[in-house]
Amino acid sequence: MHGLLSCPAWARATIQLLAVVGASSACSASLSPPSGTTDTTDAGDPEPVLTDAGWAALQALSPMPLPGAPPDVTNAYADSGAAAAFGQKLFFDPSFSGPLLDADNNGGPGTLGTSGQTGRVACAGCHLPTSGFSDTRSFQMQISLGAGWGRRRAPSLLDVGQAKLVMWDGKHDALYNQPFGPLETVVEMNSSRLFMAEQIYSNSEYRADYEAVFGSIPDLADTTQFPALSATLTGCQPMNPSSPPPTCDGTFHGYPGDGAEYDSMTPENQTAVTRVVVNAGKAIGAFERLLTCGSTPFDAWMHGGAPVSPAAQRGAALFVGAAGCSSCHSGPFMSDQQFHNVGLQPGLVQQNFIDSNDQGGATGIAAAIASPLNSLSAFSDGNDGRLPSAVTPAMNGAFRTPILRCVALRPTFMHTGQFGTLANVVAFFNAGGSMSGYPGTKEIHPLGLSSLDQSDLVAFLQTLTGPGAEPQYLQAP
Ligand code: HEC
Ligand code: HEC
């Protein structure tokens, strides 16, 4: 720790004094200063100035080695290789999905098929492995077209294992229960837990994989106990299939409240079906924990490797200094994993949608608290107190601070996907958010940054891109 304190002053000095030749031996390898930074001193590219405190704050964003996903007490299989391998298969498999609906599903690029087709939507359909598990497929790369149009941007899944409450609004409090969201949402996979459980049972490879990890699977072929669902019947039949709303407004089949196949089963069999999909979720969660952004040019600079550009160094100093970014984007993954209201007035996306009055955490956390699948339920293997006990007023209009590692790989930004560039995002923060047009009370204020400061912050954000997930995770195993 004292080494950390003595080196930064020295490092700062070398940034300010040009061409301190041979000085790098004075500092430990992990704290080598950015020697050979630059030889330009004109007004357009001023020398970066890092204070001791700034350097220490940056070091806190870059521990060596980067921590892996913390233990997940909700999932006893979180670190099982066999579970992750099974989860990887499920992640890439579209066969659990029901009918495509929206008329925009015309089979063209950016769609997953033609309206009416079934078995087209996999997790990987919106979380594209080759795009940092973001959705670069959908038109304008803002919101996603599955069976229909969602209203929020698909987050990258790199480093998602660092989060306990997931989704922009914290609607799911564990990776194991998150898949119920896309599976049973009309505009995503438009399917159901009963259908997915039956598909796992009827696929002999999956059944063997499942039983090897989780033990015996119920006899889902016994239709006297488990009504058979087809791919065309599973999920929702909305009032207007060619333009379905995000929440089912018609009849549905295969999940609680259907007044049909699911509800007709005994409570024990309902639980048995739900548990099969919970276990599938634990397998998917084990896979997701393996997805990381990895070590970045920023980390290399922090630990004695090549310095990042002077612009990025100035941006780094601003990020932990005058711009105050690290008050929320803190820790090794640059997220406090808390919910904040940054006062974003939703913009027009996809030429059609404005997601007005999204209350974010206020509705998301309420849904997580009410969920029978949450980390307090019998489906969880443990409880580490991650789920807030109540919704607070500050959660209104608040969204989870995104991880910023690999941020430059994302096609668009914010939960709406309304900003196309990092420069737009920085300008938004510099303005102190929107004047109005969002629920709740915003926490941020105008920053008064110059245009150079703003482009420096962008240059810094661009040094946060690592190699991304290992190649073996980019496709079905
Ligand atoms: C139709 C597109 C689509 C499909 C299919 C889809 N997702 Fe997503 N995913 C999204 C969107 C959009 C969000 C953010 C939604 C929100 O926050 O309300 C999201 C959020 C997530 C998150 C939370 C990430 C975070 O940082 O909070 C995880 C994990 C995730 N998806 C995993 C999956 C898995 C596993 C599947 C398959 C079972 C899947 N997704 C299928 C679009 C999709
Ligand atoms: C008060 C907490 C807070 C502060 C301060 C803050 N952010 Fe954020 N940041 C957030 C939240 C919350 C979001 C997501 C908001 C949304 O989608 O509605 C976000 C989104 C972002 C995004 C978009 C990421 C994505 O995946 O869409 C970037 C980039 C970003 N912030 C960078 C910065 C920079 C640079 C600063 C400093 C100038 C900063 N943030 C200051 C909380 C904060």
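Let's start at ligand 2, where the residues of the surrounding shell divide into 17 nonpolar, six polar and two charged. Before I go on, please keep in mind that this is a predicted model.

So who sits around ligand 2? There are 25 residues around ligand 2, and C325, C328, F413, M414 and H415 come nearest. If you look for helices in this shell, α13 (422–430) and α14 are the elements that give two or more residues. Which of the elements gives the most to the shell around ligand 2? That is α13, with four residues.

Now let's turn to ligand 1. Its shell has 28 residues, and the ones that come nearest are C123, C126, G146, W168 and P182. How do those shell residues divide by class? We find 18 nonpolar, six polar and four charged residues around ligand 1. Three helices each supply at least two residues of this shell: α4 (123–126), α5 (180–184) and α9 (267–288). The largest share comes from α4, with three residues.

Let's step back and look at the whole chain. You can count 14 helices and four strands in the protein chain. Along its principal axes, the C-alpha trace spans about 80 × 45 × 45 Å. How does the radius of gyration fit with a compact globule? For 477 residues, a compact globule would have a radius of gyration near 23 Å, and the 24 Å of this protein chain agrees with that. Of these 477 residues, 49% are buried. And when we take the contacts with a separation of 6 or more, 73% of them are between residues 24 or more positions apart.

The chain is divided into two domains. Domain 1 is made of 1–68 + 294–360 + 396–477, and domain 2 is made of 81–162 + 175–288. Where these domains touch, the contact takes 24 residues from domain 1 and 24 residues from domain 2. On the domain 1 side, the touching residues are 13 nonpolar, eight polar and three charged.

Here is a general idea to carry into the next part. In soluble globular proteins, nonpolar side chains tend to be buried together. In this model, the largest nonpolar core has 112 residues, and M196, A197, I200, A280, A283 and F319 have the most contacts inside it. Helix α9 gives the most to this core, with nine residues. Why do we say that this core lies between the domains? Because domain 1 and domain 2 both give residues to it.

F319, one of those well-connected core residues, brings us to helix α11. Leaving out residues up to four places away in sequence, F319 touches C325, S326, L457 and F460. Remember C325 from the beginning: it is among the residues that come nearest to ligand 2. F319 is also one of the buried residues of α11. In fact, 11 of the 11 residues of α11 (residues 310–320) are buried, so this helix is largely enclosed by the rest of the structure. What do the buried residues of α11 pack against? They pack against α2 (52–60) and α14 (451–461).

To finish, a few spots in the loops that are fun to find in the viewer. P65 lies in the loop between α2 and α3 (81–91), and the peptide bond from M64 to P65 is cis, with omega near -5°.

Next, try N190, in the loop between α5 and α6 (193–202). Its phi is near 45°, a positive value in a residue other than glycine. Is N190 buried or exposed? With 30 other C-beta atoms within 10 Å, N190 is buried.

M334 also has a positive phi, about 60°, although it is not a glycine. You will find M334 in the loop between α11 and β3 (339–340). M334 is buried, with 23 other C-beta atoms within 10 Å.

My last stop is A228, in the loop between α7 (204–214) and β1 (235–237). A228 is partly exposed, with 14 other C-beta atoms within 10 Å. Leaving aside its neighbours within four places in sequence, A228 is in contact with E198 and T223. A228 and L194 are 34 residues apart in sequence, and from C-alpha to C-alpha they are 8.4 Å apart in space.

Thanks for listening, everyone!

Key
Residues numbered from 1 in each chain as written. Chains lettered and ligands numbered in written order. Predicted model: local features only at pLDDT ≥ 70, side-chain atom pairs only at ≥ 80, totals over all residues. Near = placed C-beta within 6 Å. Nonpolar A, V, L, I, M, F, W, Y, C, P; charged D, E, K, R; others polar. Rg over C-alpha atoms; globule rule 2.2 N^0.38 Å. Buried ≥ 20, exposed ≤ 12 C-beta atoms within 10 Å, placed from the backbone. Contact = placed C-beta atoms within 7 Å. Domains from an automatic or database assignment. Core = buried A, V, L, I, M, F, W, Y, C linked by C-beta atoms within 7 Å.
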